[in-house]
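These are my notebook entries on a structure that I am reading for the first time. I record each item that I looked up, in the order in which I took it.

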Amino acid sequence: MTFSNLGLHSFPEKSETVTPAEAAPAPAAPEPPAPPVESSQNTEGNRELTLLTKSGGNITFTAKVAGESLLKKPSVKWFKGKWMDLGSKVGQHLQLHDNYDRNNKVYTFELEIIEANMTFAGGYRCEVSTKDKFDSSNFNLTWHSGTLIPFCRGEAKSESQSDVDVWEILRKAPPSEYEKIAFQYGITDLRGMLKRLKRIKKEEKKSTAFLKKLDPAYQVDKGQKIKLMVEVANPDADVKWLKNGQEIQVSGRYIFEAVGNKRILTINHCSLADDAAYECVVGEEKSFTELFVKEPPILITHPLEDQMVMVGERVEFECEVSEEGATVKWEKDGIELTREETFKYRFKKDGKKQYLIINETSKEDSGHYTVKTNGGVSVAELIVQEKKLEVYQSIADLTVKARDQAVFKCEVSDENVKGIWLKNGKEVVPDERIKISHIGRIHKLTIEDVTPDDEADYSFIPQGFAYNLSAKLQFLEPPKIHLDCLGQSPDTIVVVAGNKLRLDVPISGDPTPTVIWQKVNKLLFESEGRVRVEMHEDHCVFIIEGAEKEDEGVYRVIVKNPVGEDKADITVKVIDVPDPPEAPKISNIGEDYCTVQWQPPKYDGGQPVLGYILERKKKKSYRWMRLNFDLLKELTYEAKRMIEGVVYEMRVYAVNSIGMSRPSPASQPFMPIAPPSEPTHFTVEDVSDSTVALKWRPPERIGAGGLDGYIVEYCKDGSTEWIPALPGLTERTSALIKDLVTGDKLHFRIKAINVAGESGAAIIKEPVTVQEILQRPKIWLPRHLRQTLVKKVGETINIVIPFQGKPRPKIIWMKDGQTLDSKDVGIRNSNTDTILFIRKAELHHSGAYEVILQIETMTDKVAITIQIIDKPGPPQNIKLVDVWGFNAALEWTPPQDDGNAQILGYTVQKADKKTMEWYTVFDHYRRTNCIVSDLIMGNEYFFRIFSENLCGLSETAATTKNPAYIQKTGTTYKPPTYKEHDFSEPPKFTHPLVDRSVIAGYNTTLSCAVRGIPKPKIFWYKNKMDLSGDAKYRMFSKQGVLTLEIRKPTPFDGGCYTCKAVNECGEAEIECRLDVREPGKRSHNKKY
């Protein structure tokens, strides 16, 4: 038994506003009239159930109970708080109703609160129970600013506050309201805020440095972001930001921005530490503001509960809020509670829990207690009783006959106590037949001429006391049989053969009726044996042990008492598992499959056959394997995944709702084996005037029978006679069919053969005409030959060029417009390709080659470029131009023989005349002049130079004839008479810096190239700031290539980077922009 739903209806007076409170707080003003709204909840989960109604309106709580499986009406109790039975409060403001929907079999119970006010706020519970089942549901009714808000226990509702300006409220409010505002909006430092507010009210002088100053105050929620912005008169002015007089440094939380005249300070993830005074300083002028960081509202997560105590007992109210140590306000009947001198009220905090403790209660402590936070409110009722009421005599259960008188009587200790009588939770209204009397301490309820409608639960509720004196009025009734066949037809009972049938037949009647069982006019009195009857006070039991087929039939039960008689017929049907089917038959045997067929069983056990289960085993095995997990509905099944060449047996079971039959006899043994599949890729390879060449691939599936060979057949177009094309079987995958008549149109087919027989035929769809086919010549030039083929001298050249064309085309190789001499190179031709082969390549093999295919008047040609390269010769005309200080100047001219490839550079080496050991000074040097520096004083040096191309360095080097002598200090150097060449030149960037966008956290580099003599000094800048002393940056210079490495950049490393080169002849600079973005974000330009 469960609640089908628990609904909530609100009916204000005159059908005024009914507002569902699921997405918005209670409105300040009434809305236009609307019909009542129902909000339902399933009790299996505590989902919130809310509805608003104005004070003075009616509220109805509705519980619906599914009654399909209930024999009698369930008992329902409504409680307020943990224990207060609302049945004792029925009267002018509280009513209980119930009804039964016979069509849907649903019981409806209602609790109606009439002219609701604040005293009805609190927690409620509805309990529903029968003989062996129980269910309950909890909900809250909360008073909030003149509005009652019902909602489920465990989910206290809080009213969201609108986004208000606390500074503006404090400015306009009188000083007497400051503390109330501080509590409402979570202000923890009220004194500090008032001091800051006083500073804000002072008028400031007009500023010349600021076009727009900061607002006097800002406020932001804790954890949010805020921007403080000013506008300055000078767009190039520098500003400083101060917090409580201390300058703010750039960090992840504080971000400075300058956009034109605007200067912006962004504070991310505001905390209470950011609640301070801020200043923006431009020169001597300042702009002040105050920032207030609001804390989130405090919510009530567990509300107060109603309590009822005796005078002098201790009371403890408990609630739980969303934050530890929060400030709350306690009120009694709308008046705030404080610690009095007698310490009557004690307030306690324990983590998130808040307590109000009253040590010794008095009658005056009765009332409604409220706990308030700046984000919620909860109300509970306290009832203090002066004394207990003693019950001298309670009302007793009555059993009466029709037309008799029923009198309920009780006696209590106080003769002045009044009370009300209830019938099934509803107040009893006196009339001509029902009388209510109160004489002294005795209360009576008298019912004349009792009818069946008077049978009910009666209660007496003393006013002002939590007592509920209950008794039951039982009406003598004729005998009645209450049958319940659990959804079957009302008079049929189905039992499985071999099982025990126990039929409990509830009976009613007063006095207890006698019971008679019979089957086909045969009385059943046995109290022992396989078929027997057991008698009890309120029911009888019919038992069949181990039901058999002959137990089927119609059984009649008759009940009698002096009031009347009742009887019922019960049909018992015995059902069993089906008989086993006959042995299945096997057909359509394949490689790893077969088809199994069987017939339905002769007897289905009294229930329809739901399906079949098939099993398989190897003949020599004892283990049966199930083939299907879902029941088979058909009488055939294709069994798969068998091993070819293995002998198997099959058997089948029939299944109905009772169970599975015994297995059928096994089928005849059988062995899966199948011919191969048809050959694949059967195509015509070539056709001539009298022959056809065919080719194919082996079948995809050959199987355990192997493959003996292939049969090739043909037939003429329009005929159905297939003629063997080859004598016997062929084991090859190609065939040449000869002696065919020119011009015939023939169809060809092929079959694979093994022990199991022939496969399906693979057929060429279109007929083949026996006639030579003319195919246009076409050369398929490989991709690597479409560019210049570069080879070194002595390497082997093997060029394969495939082509197509029929008949076989004529092939001509040309080089540089001339027919290629086959003595110098090797040329080999076939039906499908031509090959050019050179065993050892020489320089003269370089050139433009052309291949020409020719069939009659049709041609096709392609061009191939071959470049044979060799090592270059040495440079020429090397000269020692000048020797001065520790330097020597050299000049030379390119080599006469470049090896048929571009000169990539030169390698310059030096050797001391004493040791003649050569050391490399420059490698991959591109110019034809150089200056060798850092020579040793007093030594003589020879120099040599190698040229370099793709093959490598030249075999020999050009060496200076005369050594260069480095004079010692003090000797007189006589310059030559010729005019000294001036090599100096100002710096010039030969490769610029490039704007880049990179991802934060990954090292990045900026590169450029510079030229200048003497070697220039290099300086790097970021936003005009020198980077020389910053360890985050590393600078490199190699052969004129300049590199700046930035280690793990962040978005603050973005900006304008400048490289400056300076020597005595001048200076040059170049710049680029670097954008550093966070991972996952698109690039964007920042303004600096």
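Is Cys594 buried or exposed? I note at the outset that the model is predicted. Cys594 has a relative accessibility of 0%, so I enter this cysteine as buried.

**Entry on cysteines.** I next looked up Cys1072, which takes part in no disulfide. Its nearest cysteine sulfur belongs to Cys1056 and lies 7.2 Å away. A disulfide requires two cysteine sulfur atoms within 2.5 Å, so a separation of 7.2 Å does not qualify. For the structure as a whole, I recorded a count of 0 disulfides by this rule. Cys1072 is also buried, because its relative accessibility is 3% and the limit for that class is under 20%.

**Entry on cis peptide bonds.** Where did I find cis peptide bonds that involve a proline? One joins Lys806 and Pro807, with omega at about -10°. I located Pro807 in the loop that runs between strand 65 (797-806) and strand 66 (810-815). Another joins Ile1013 and Pro1014, and its omega is about -5°. Pro1014 sits in the loop between strand 83 (1004-1013) and strand 84 (1017-1022).

**Entry on positive phi values.** I then turned to residues other than glycine that have a positive phi. Asp934 has a phi near 60°, and I placed this residue in the loop between strand 76 (929-932) and strand 77 (940-949). With a relative accessibility of 67%, Asp934 counts as exposed. Lys1024 has a phi near 70° and belongs to the loop between strand 84 and strand 85 (1025-1026). Why did I enter Lys1024 as exposed? Its relative accessible area is 61%, and exposed means over 50%.

**Entry on strand 37.** How many of the 7 residues of strand 37 are buried? Strand 37 spans residues 456-462, and 6 of its residues are buried, so I describe the strand as mostly covered. I then looked up its pairing. Strand 33 (residues 419-423) pairs with strand 37 in the antiparallel sense, over 5 bridges. In this pairing I found Gly419 opposite Pro462 of strand 37. Strand 38 (residues 469-475) also pairs with strand 37 in the antiparallel sense, over 5 bridges. Here Tyr458 has Ala471 of strand 38 as its bridge partner. As a general remark, I add that side chains in a regular strand alternate between the two faces of the sheet.

Key
Residues numbered from 1 in each chain as written. Predicted model: local features only at pLDDT ≥ 70, side-chain atom pairs only at ≥ 80, totals over all residues. Heavy atoms only, no water. Buried < 20%, exposed > 50% of the residue type's maximum accessible area, 1.4 Å probe, protein only. Helix = DSSP H or I, 4+ residues; strand = E, 2+ residues; numbered from the N terminus. Pairing = 2+ DSSP bridges.
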